[in-house]
Amino acid sequence: MSRYWSKVVAGLTPYVPGEQPKLPNLIKLNTNENPYGPSPRALAALRGEVGDTLRLYPDPNCDALKQSIAAFYQLNPAQVFIGNGSDEVLAHSFLALLKHDEPLLFPDITYSFYPVYCGLYGIEYRQVPLTESLEIRVDDYLQPNGGIIFPNPNAPTGRPLALAEIERLLRANAGSVVVVDEAYVDFGAESAVGLIARYPQLLVVHTLSKSRALAGLRVGYALGDAGLIEALNRVKDSFNSYPLGRFAIAGAAAAIDDRAYFEQICAKVIASRARLVSKLAALGMEVLPSAANFVFARHGQHSGAALAASLRERGIIVRHFKNPPRIEPFLRITVGSDAQCDALIAALSDILA
Ligand SMILES: Cc1ncc(COP(=O)(O)O)c(C=O)c1O
């Protein structure tokens, strides 16, 4: 705290990202990156950007990338907004669409950046408890609100919400924006993108960090009615007109265009998840049903903190949340390659023995 700080900064509680370790050789299963590399076509497009044109600003509207994304989802480019990682897209959504007089609703156990954006932008919010089995129950959201946001599948639980339930929520909630954060949807949940044409209050947010294996490039996007997208553009052009550089625009467009590679690596992660879940269960761990590229698992006899620390001693990092207390026993484990999952299982069986 310094006397030069603004009141706003003094009052912030910033998000704490998962560790990006400087030590080599750690098995990194803590931030839900993809174990496979980006599409070879994306890498070639990135190399193609190295040159004299870097002296010029990039396209502020990312038109070429918008075209690719719109074509992928059979939408119109005016229904696409692009940002520097989906975190930036979410931040703009909070300011543009979710800041109203009534409180914003989101689950009590969810992506922990949501309350941070509320703190930054002065947004009132109410956390809606997940059920006993750590599921989102739509009926709990049928109350006055200034907006609703949740990930599908939810993080860090990995549990999906059925599309019919999302549509039931949209039908009952026409007066405020519903943001579905589909960061992990490509690993097995049902996307709400197909509902955009019928529900002008629906915004669906995606990232290239997980299913396109491009966390290092920082690209995310939102899909929704052109009126919602226009609100996001107004915030973007009041903040940073050029959120994506030339590398990000070119690499992301090539990654979206390479549908075959995307489908292939998603299928591999899904197969590895099934294998990991059965091995964790064989060690006596309880694993929540996951539609994401991570699993949420606990062991009845050990605290989550102790398990995470023992794994770290063995060179494996996973994510552990101290709060709220009912998720303390859980570890959030990224689905790595089969070799990485096997190393995790070997370390866990050693710890549990
Ligand atoms: C639910 C959820 N939404 C959004 C993000 C942000 O992703 P990015 O900013 O890399 O696009 C994450 C990252 O882990 C996440 O878990």
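Select Asn173: with 21 C-beta neighbours inside 10 Å, this residue counts as buried (a residue is buried if 20 or more other C-beta atoms lie within 10 Å of its own, exposed if 12 or fewer, and partly exposed in between, with C-beta atoms placed from the backbone). Residues are numbered from 1 along each chain as its sequence is written. The model is predicted: local features need pLDDT of at least 70 and side-chain atom pairs count only at pLDDT 80 or more, while totals for chains, interfaces and linings use all residues.

Stay on Asn173 for its surroundings. Asn173 sits in the loop between α6 (163-172) and β6 (178-181). Helices (H or I, at least four residues) and strands (E, at least two) are DSSP runs, numbered from the N terminus. Show Ile148 and Val178 as well: Asn173 is in contact with both, leaving aside its neighbours within four places in sequence. Two residues are in contact if their C-beta atoms, placed from the backbone, lie within 7 Å. Then add Leu142, which is 31 residues from Asn173 in sequence and 7.4 Å away in space, C-alpha to C-alpha.

**The whole chain**

Zoom out. The secondary structure comes to 11 helices and 12 strands. The C-alpha trace spans about 55 × 50 × 50 Å along its principal axes. Buried residues make up 44% of the 353 residues. Of the contacts with a separation of 6 or more, 74% are between residues 24 or more positions apart.

**Strand β8 and its partners**

Next, select residues 220-224, strand β8, where 5 of 5 residues are buried. Which residues point each way from β8? Gly220, Ala222 and Gly224 point one way, and Tyr221 and Leu223 the other. In a regular strand the side chains alternate between the two faces of the sheet.

Add strand β2 (residues 80-83), which pairs with β8 in the antiparallel sense over 4 bridges. Two strands pair if DSSP finds at least two bridges between them. Strand β7 (residues 202-207) also runs antiparallel to β8, joined to it by 5 bridges. Leu223 in β8 is a useful residue to label: Val80 stands opposite Leu223, and Val204 stands opposite Leu223 too.

**The ligand**

Now select the ligand and the 13 residues around it; Gly85, Ser86, Asp87, Thr207 and Ser209 come nearest. A residue is near a molecule or strand if its C-beta atom, placed from the backbone, lies within 6 Å of it. Helix α4 (residues 85-97) gives the largest share of this shell, 3 residues. Coloured by type, the shell divides into 5 nonpolar, 6 polar and 2 charged residues (Ala, Val, Leu, Ile, Met, Phe, Trp, Tyr, Cys and Pro count as nonpolar, Asp, Glu, Lys and Arg as charged, and the others, Gly among them, as polar).

**The open sheet**

Move on to the antiparallel, open sheet of 3 strands in the order β9-β10-β12. β9 (286-287) and β12 (330-334) stand at the edges with a single partner strand each, so one side of each is left without a neighbour in the sheet. Strand β10 (residues 294-298) pairs with β12 over 5 bridges, in the antiparallel sense. Within this pairing, Arg298 has Phe330 in β12 as its bridge partner.

Finish with Arg332, in strand β12. Is Arg332 buried or exposed? Arg332 counts as buried because 26 C-beta neighbours lie inside 10 Å. Not counting residues up to four places away in sequence, Arg332 touches Pro156, Phe294, Phe296, Val318 and Arg319. Last, select Asn32: its C-alpha atom is separated by 9.1 Å from that of Arg332, 300 residues apart along the chain.
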